[in-house]
Every structure is written in structure tokens, then in C-alpha cells.
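Colleague: I have a new model open and would like to go through it with you. Can you start me off with whatever term we will need along the way?

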Amino acid sequence: MNLKSITALALATLFCAVAAFAADSAKPNIIFILADDIGYGDWGCYGATKVKTPNLDRLAAQGRRFTDAHSPAAVCTPTRYAFMTGEYAWRKPGTGILPGTAALIIEPGRVTVPSLLKQAGYTTGVVGKWHLGLGATSPTDYNGEIKPGPLEIGFDYAWLLPATGDRTPCVWVENHRVVGLDPADPIKLDYTVQRGQPESFVKGIPRIGKQIGGKAALWQDDEIADLLTKKAVAFIEKNKEKPFFLYFATHDIHVPRVPHARFRSTSQAGVRGDVIQEFDWSIGEVMKALDRLKLADNTLLIVTSDNGGVLDTNGPDHVNSGTVETNNGHPQNGVLRGTKGSPYEGGTRVPLIARWPGHVQTGTSGELICHVDMLATAAALTGQKLAAAAGPDSFNVLPALLGEKLDKPCRDHLVEQGSVLALRKGPWKLIPAAPAGKGKKGKGRGPKSAELYNLADDLSETKNVADQHPEIVKEMTALLQSVHEKGRSRP
Ligand code: CA
């Protein structure tokens, strides 16, 4: 090799190195924090006064606060499925609320938010509540190598609460194994046992499904928030040198609501308020870590919830997790009608704050966005083209997140999955009639005849104007049907 070609080679190498650096520095870290069952009115920056959320309020002041952001569904599992895959969960049977024995419901190999970001060079991690099933077949065997799971659908690291705090197994799973499991005391689950039956109690708290064995591996309920926050911060620290994606799905504020002693009786809204303040502390710890590691400026931090707020019921099958008697009039879903599970706005309209200093414009946004949009948005953010079959319901809402001036909305309609499927378009909200005999009695069941609301002047959905606007009911019913039939809704 002569001097000329050596010089050319050196220059080419240097160019590649510079290009790689430029590409990396253009890729912000992404942290998506998904609260559980936190409602539209639960944070100070969304109007709460009996619950204090100083960290979230500070985040809102430094970022962009959305007033029309939605979880894809009004309950846990379908929201998480849609967030991960960019596909409405109602398209896929078997994506309802899962037991702790369910197999993984996302097929390995399909494009997911973590697999897409991994493709772009990100290190990907999930810390917290999973609730998307584990293993190839049901019932999940928790005693050996548990897979497929998050590591098979795009995550490099996983620290999981497998289902929910009120469902067995009450153990941690790190990557493929239960943490601290004694092989001489294997785990067996019996989901024929109902919550409240004597055998359903684990550590004094009634759960759904009985857990036999795994005694040494049991979690401590009042330490869940501390532990998950510690794991989330450790992931950030470990990966501070390269772009990372962290999906931090908190247990707060799902039932059983068992705050650490230092948060007990600190709010004016009972134990439910206390765990919101515990959640706010977790956000503060993540923000502190980003400041300490000088990562705040290069991190897109999104904090939101997986469905609307809900109060607990009194009874032998529940610990005190916050009821209408104890919450002291705190409006968990603000002015919205309905709660978790409902097709009204209180079911899926959730708080959402996005912060990326210098990139996300500060302020408030009324743009319609949904967690199902994270896949297409992550693709746009990392300069990737989403394959035609991937994320069939995921719209790129990056311009709305950043606060760019928009000629038209990023998404012009949205299907809200409550006890029935509702549709949003412009100011209109359609709730079609529920099929006769379907839905749980007394729990957010859909209406007998179609309802139409104009949210521009009736955000609380109090005046059904279906009779005054039959043409809009017809048009929206047809759109909902077409979204169904086409199998996709994104451009
Ligand atoms: Ca939830």
C-alpha cells in the first residue's frame, strides 16, 4: 500500500468515526415511564390539589404537557400490547387482562418498540410490570428458564413483575429466571383460587390465584417502588455511554396499594393519594439520575399512564387500597366521565408529559396522540422506515411531541378500547351501542343506543347529541367499521 492509499484509508476511517459519532449524538436516550391506573386528574399539573406531585409538575414546566393523550385501551394488558407492537390490541384475540400463568402474547420476530430501537443501535431495557405473558405455553413454568419473554422480542435486559401486584406469582423475574428461587421449593400456581379465599393470601394480602412454593423469592410489597426505581436508575447508569431505551412500567398505583412507610398518610387523598406521591418520588429519582449523569439534555423522557384512574372497593378480598370514602373528594380523572375500563374519556385519556430540552417545545398541547403511536414515532426519531406490515395502527406523532407547527393533526382519528370500542375524530366522540348481552354487568358496559358527544364544548360527555347529528353518527360508524375491516389504520 502506498502513502496515498494509506492517507485515503485513514481519512475514510476518520470520516466513518465522525459520522458514527454524529449519528449517535443525534439519537437521544428514550425513557418511557408507564404508570399503572393513574388518572387524568391525579397530578398537580393536571389540577390535583390534595395530592402533591412536585417532580411531575417540574417535568411539565420543563417539557410539554398533553391534554388529549390516550392509552390505547382502558385496562393494562391491551394497552401494553398496543404500545409495544403499534397494533390495536382488539385486533388480536387473547390480549385481554392476563393471569400470571399466560404465555407470551407477542410473537418473537415481529417489530416492536424495543426491537426497532435495538436495530438503531440502542441498548434496550424493561423494568417493572410486564403483564404480557411469559413462556411459549400456558401455564408458565417459573422454575426453569422462562422464555420467550422480553428478551425474545427486543429487550437486552429485563427486571419484571410478571403480571400484576394482585396476581401471583409474587416474585421478581430477571431476564430468564425468578430471582432468589430455591429449587427445593418450586413455584406452582392455582388460578382456580379466587381473590379473598384463605389460600389466596400472600404476605397478608389477598391475590388472584394461589401461589404454592417460591417462599424465598417472594417480594416485599412496601418495597416495590424503591426496588423498581433502583433498578431503573441502575440501568441508566450502566448504559450512560451509548443510546439506550428504558421502558419503566411502575407498579404504582395499581392495587394492592401498599406505600412504603415514608409515604403513608402523606397526601390528603388517602392511601391512593399516598402512592401517587410515591410514584412522583420515583420520577424525581429518575430525573436526579439524568442530571447527575449529565444525560438530561440528550434524553427524551415521557411519563404517562396505562389507563384511567379507579377507586378500590371495600371488602374481604381487598386490602385498603383507597375507596370513595377515603379519597376525600380528590377527582382522580378530573372532569372526565368514566374510570378504568370505561369507553368514556376517563377510561383512556391520561396525563402525558414529554421532555427533551432544546427539542421538545415547552408548553401545553391539545394534539390527539396515543401510546400505540410510539412505534412509528420511534422509527421517525431514529430515521428508520417502518415495514409496511409493522405497527398497523401506529402514527408518527413526533411533530406533535416536539411541538412543531402542524398544518393538520398527526392522527385525525383514534379508536378507544373500553368495554366497547369508541371512536374519536375532531371534536366528536362516538360510542356505538353495545351488543346485547355483552359486557360485565354494571362495569362500564356500553350504551343501549349509539351516543355522540362534542368534546369541544362537552368534555365531560354529559349531552348525547346523536339525535341532532345522525349524519356524523353514520360517518363515524362507517369509519370505525372500515378501521376494523382494513386490519390497519395508519397511512
Ligand atoms: Ca392499569
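Modeller: Buried here stands for a relative accessible area under 20%, and exposed for one over 50%. Please keep in mind throughout that this is a predicted model.

Colleague: Okay, then which atoms coordinate the calcium ion?

Modeller: The calcium ion is held by OD atoms of D36, D37 and D306, the last of these being listed twice, together with SG of C76 and OD1 of N307, at 2.2 to 2.7 Å. Along the chain these donors follow the spacing D-D-x38-C-x229-D-N. D36, in the loop between strand 1 and helix 2, and C76, in helix 3, are 40 residues apart, and the pair links distant parts of the chain.

Colleague: And what is the geometry of the site of the calcium ion?

Modeller: The site is irregular, with angles of 51 to 154° among its six donor atoms.

Colleague: Is D36 buried or exposed?

Modeller: D36 has a relative accessible area of 0%, so it is buried by the cut-off I gave. C76 is buried as well, at 3%, and D37 counts as buried at 2% relative accessibility.

Colleague: What about the backbone at D37?

Modeller: D37, which lies in the loop between strand 1 and helix 2, has a positive phi of about 65° although it is not a glycine. Most residues other than glycine have a negative phi. N175 is also not a glycine and has a positive phi, of about 55°; N175 sits in the loop between strand 5 and strand 6 and is partly exposed at 25% relative accessibility.

Colleague: Which peptide bonds are cis, then?

Modeller: One is the bond that joins D252 and I253, where omega is about 10°, and another runs from V255 to P256, with omega near -5°. I253 is found in the loop between strand 11 and helix 6, and P256 is likewise in the loop between strand 11 and helix 6.

Colleague: Changing topic, how many disulfides does the structure hold?

Modeller: There are zero disulfides. For C170, the closest cysteine sulfur is that of C76, and at 15 Å the two are too far apart for a bond. C410 is in no disulfide either, with the sulfur of C370, its nearest, 13 Å away. C170 is buried at a relative accessible area of 1%, and C410 also counts as buried, at 18%.

Colleague: Why would you call helix 8 largely enclosed?

Modeller: Seven of the eight residues of helix 8, which spans residues 374-381, are buried, so the rest of the structure largely encloses it. The buried ones are M374, L375, A376, T377, A378, A379 and L381. Among the elements that cover them are strand 1, helix 3, helix 4 and strand 12. Just after helix 8, G383 takes a positive phi of about 65°.

Colleague: You mentioned strand 1, so what does N29 touch?

Modeller: N29, which lies in strand 1, is buried with a relative accessible area of 3%. Leaving aside residues up to four places away in sequence, N29 touches several residues, including Y122, K242, F244 and L300. Its side chain also makes a polar contact of 3.2 Å with that of T299.

Colleague: Last one, how is the protein divided into domains?

Modeller: Domain 1 covers 29-402 and domain 2 covers 419-486. Their centres, taken over C-alpha atoms, are separated by 28 Å, and the contact between them takes 15 residues from domain 1 and 16 residues from domain 2.

Key
Residues numbered from 1 in each chain as written. Predicted model: local features only at pLDDT ≥ 70, side-chain atom pairs only at ≥ 80, totals over all residues. Heavy atoms only, no water. Buried < 20%, exposed > 50% of the residue type's maximum accessible area, 1.4 Å probe, protein only. Helix = DSSP H or I, 4+ residues; strand = E, 2+ residues; numbered from the N terminus. Contact = heavy atoms within 4.5 Å. Polar contact = N/O pair within 3.5 Å; in protein donor to acceptor, adjacent residues only side chain to side chain. Disulfide = S-S within 2.5 Å. Donors = N, O, S within 2.8 Å, 3.2 Å for Na, K, Ca; no water. Tetrahedral: all angles 85-135°; square planar, octahedral: opposite > 155°, others 65-115°. Domains from an automatic or database assignment.
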